[in-house]
Amino acid sequence: MPDNASATSSATSSTHPTHPTHPTHPTHPPRSPGCACSKQKGLAHAATKAATVRQRAISLGDATITYRHRVSRRARRLRFEVRPGNGLEVTTPPGVSVARIEAVMREKTDWITKMLVRYAQPPLSVVETPLQSGALLPFAGGQLRLELDTRRPGRRKIAVMEEGTLRLVLDSNSPDAIRATIERWYRRQAHHVFAERVAHWNAQFGYTFGRIAIRDQKSRWGSCSRQGNLNFNWRLLLAPISVLDYIVIHELAHLKEGNHSPRFWALVAEQCPDYRDRRAWLRQHGPELHF
């Protein structure tokens, strides 16, 4: 799974089953991308109210690490998550003792410290050069050359793609203005790209789905609702097309299997035999998918 980056790990609680059935199945960047299939609003609201969060600290090796302990009735096992700027959060089902949590944390000391170091660093951008004329922008598996025209004060912002070039006409050379204009253009294009990729892969599945929506979510690459609506993060346009396709296939598979059971992964593997490699790429490079 896109701030839009996180790493997760989990451990089975001694008092809960090892086969979680999530009320939602979000696709989180850059961890192993998954999906969200929402339950009724009332249940989700009740589950949210039921969650409690406490701040705790533990000594791991030579370091004292603070973490948030979230207790949620929706959780079926211990879950560890590290996100840029947010540190470590541990989610558990009710009734799991602090002693149990910290015993597992000690088993995962290497992973926790590695992820905290990784996400303490500001993520690199997928665009290696400043946003100026001549910069190469990844786009749906290809590249666009950026051409800027900022010499026309008072002109409305225009973004046009022509023969491999993205031409921007705007009245400011501010990096923030350029970035915002590019992102708005990418979000518009994402509707067309994802509609085409969904149609392509659903020709293999033959499922019925609802609307396709484009999001700019902080912690999901895609989701599939109970109504069959598909949501995708526009930042996937900055990834290789094989990675974008993996998320599309993943969400389509949720139209039939609303969890992450072996049957679900078998459906994914039918169309994407190397999905583990694509998932690993997203886990590693997801934080870079921004301008």
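Reader: In which loop is the place of A140?

Author: This is a predicted model, in which local features need pLDDT of at least 70 and side-chain atom pairs count only at pLDDT 80 or more, while totals for chains, interfaces and linings use all residues. Residues are numbered from 1 along each chain as its sequence is written, and side-chain values use heavy atoms, with hydrogens and water left out. Helices (H or I, at least four residues) and strands (E, at least two) are DSSP runs, numbered from the N terminus. A140 is in the loop between β6 (136-139) and β7 (142-149).

Reader: Is A140 buried, partly exposed or exposed?

Author: Buried means under 20% relative accessible area, exposed over 50%, and partly exposed in between (1.4 Å probe, protein chains only). A140 is not a glycine, yet has a positive phi of about 50°. Its relative accessibility is 23%, so A140 counts as partly exposed.

Reader: Where is E163, and does it count as buried or exposed?

Author: E163 is also a residue other than glycine with a positive phi, near 50°. E163 lies in the loop between β8 (158-162) and β9 (165-169). With 85% relative accessibility, E163 counts as exposed.

Reader: How many salt bridges does the structure hold?

Author: A salt bridge is a side-chain nitrogen of Lys or Arg within 4 Å of a carboxyl oxygen of Asp or Glu. One of them joins R68 and E89, whose closest N and O atoms are 3.2 Å apart. The number of salt bridges in the structure is 10.

Reader: Which parts does the salt bridge of R68 with E89 tie together?

Author: R68 is partly exposed at 22% relative accessibility, whereas E89 is buried at 15%. R68, R70 and E89 are linked in a network of salt bridges. The R68 and E89 pair ties together parts that are 21 residues apart in sequence, because R68 and E89 lie in strand β3 (residues 63-71) and strand β5 (residues 87-92).

Reader: With which residue does D245 form a salt bridge?

Author: D245 is buried, at 6% relative accessibility. Its partner is buried too, with a relative accessible area of 15%. The pair links distant parts of the chain, 48 residues apart, with D245 in helix α5 (residues 241-254) and its partner in helix α4 (residues 175-205). The closest N and O atoms are 2.9 Å apart, and the partner is R197.

Reader: How far apart are the closest N and O atoms of R235 and D216?

Author: R235 lies in the loop between β12 (230-233) and α5, and D216 in the loop between β10 (212-215) and β11 (222-224), so their salt bridge ties together parts that are 19 residues apart in sequence. R235 is buried at 7% relative accessibility, while D216 is partly exposed with a relative accessible area of 27%. The closest N and O atoms of this pair are apart by 3.0 Å.

Reader: What is the angle between the planes of W265 and Y275?

Author: Rings of Phe, Tyr and Trp (its six-membered ring) pair if their centres lie within 6.5 Å; planes under 30 degrees apart count as stacked, over 60 as edge-to-face and the rest as tilted. W265 is in helix α6 (residues 262-271) and Y275 in helix α7 (residues 275-285), so their pair ties together parts that are 10 residues apart in sequence. W265 is buried with a relative accessible area of 17%, and Y275 is buried with 5%. The pair is stacked, with 4.9 Å centre to centre and an angle between the planes of 15°.

Reader: The charged end of which residue sits over the ring of W265?

Author: A charge sits over a ring if NZ of Lys or CZ of Arg is within 6 Å of the ring centre and within 35 degrees of the ring normal. Here the distance from the ring centre is 5.2 Å, and the residue is R279.

Reader: Which residues does N202 touch?

Author: N202 is found in helix α4 and counts as buried at 10% relative accessibility. A polar atom of its side chain lies 2.8 Å from the backbone oxygen of Y207. Contact means heavy atoms within 4.5 Å. Not counting residues up to four places away in sequence, N202 touches Y207, F209 and L252.

Reader: Which element has the lowest mean pLDDT?

Author: pLDDT is the predictor's confidence in each residue, from 0 to 100. The mean for the protein is 81, and 78% of its residues reach 70 or more. Where pLDDT is low, the predicted coordinates should not be read in detail. Among the elements, β12 has the highest mean, 97, and the lowest, 44, belongs to helix α1 (residues 41-50).

Key
A polar contact is a pair of N or O atoms within 3.5 Å; within protein, one must be able to donate a hydrogen and the other to accept it, and residues adjacent in sequence count only if both atoms are side-chain atoms.
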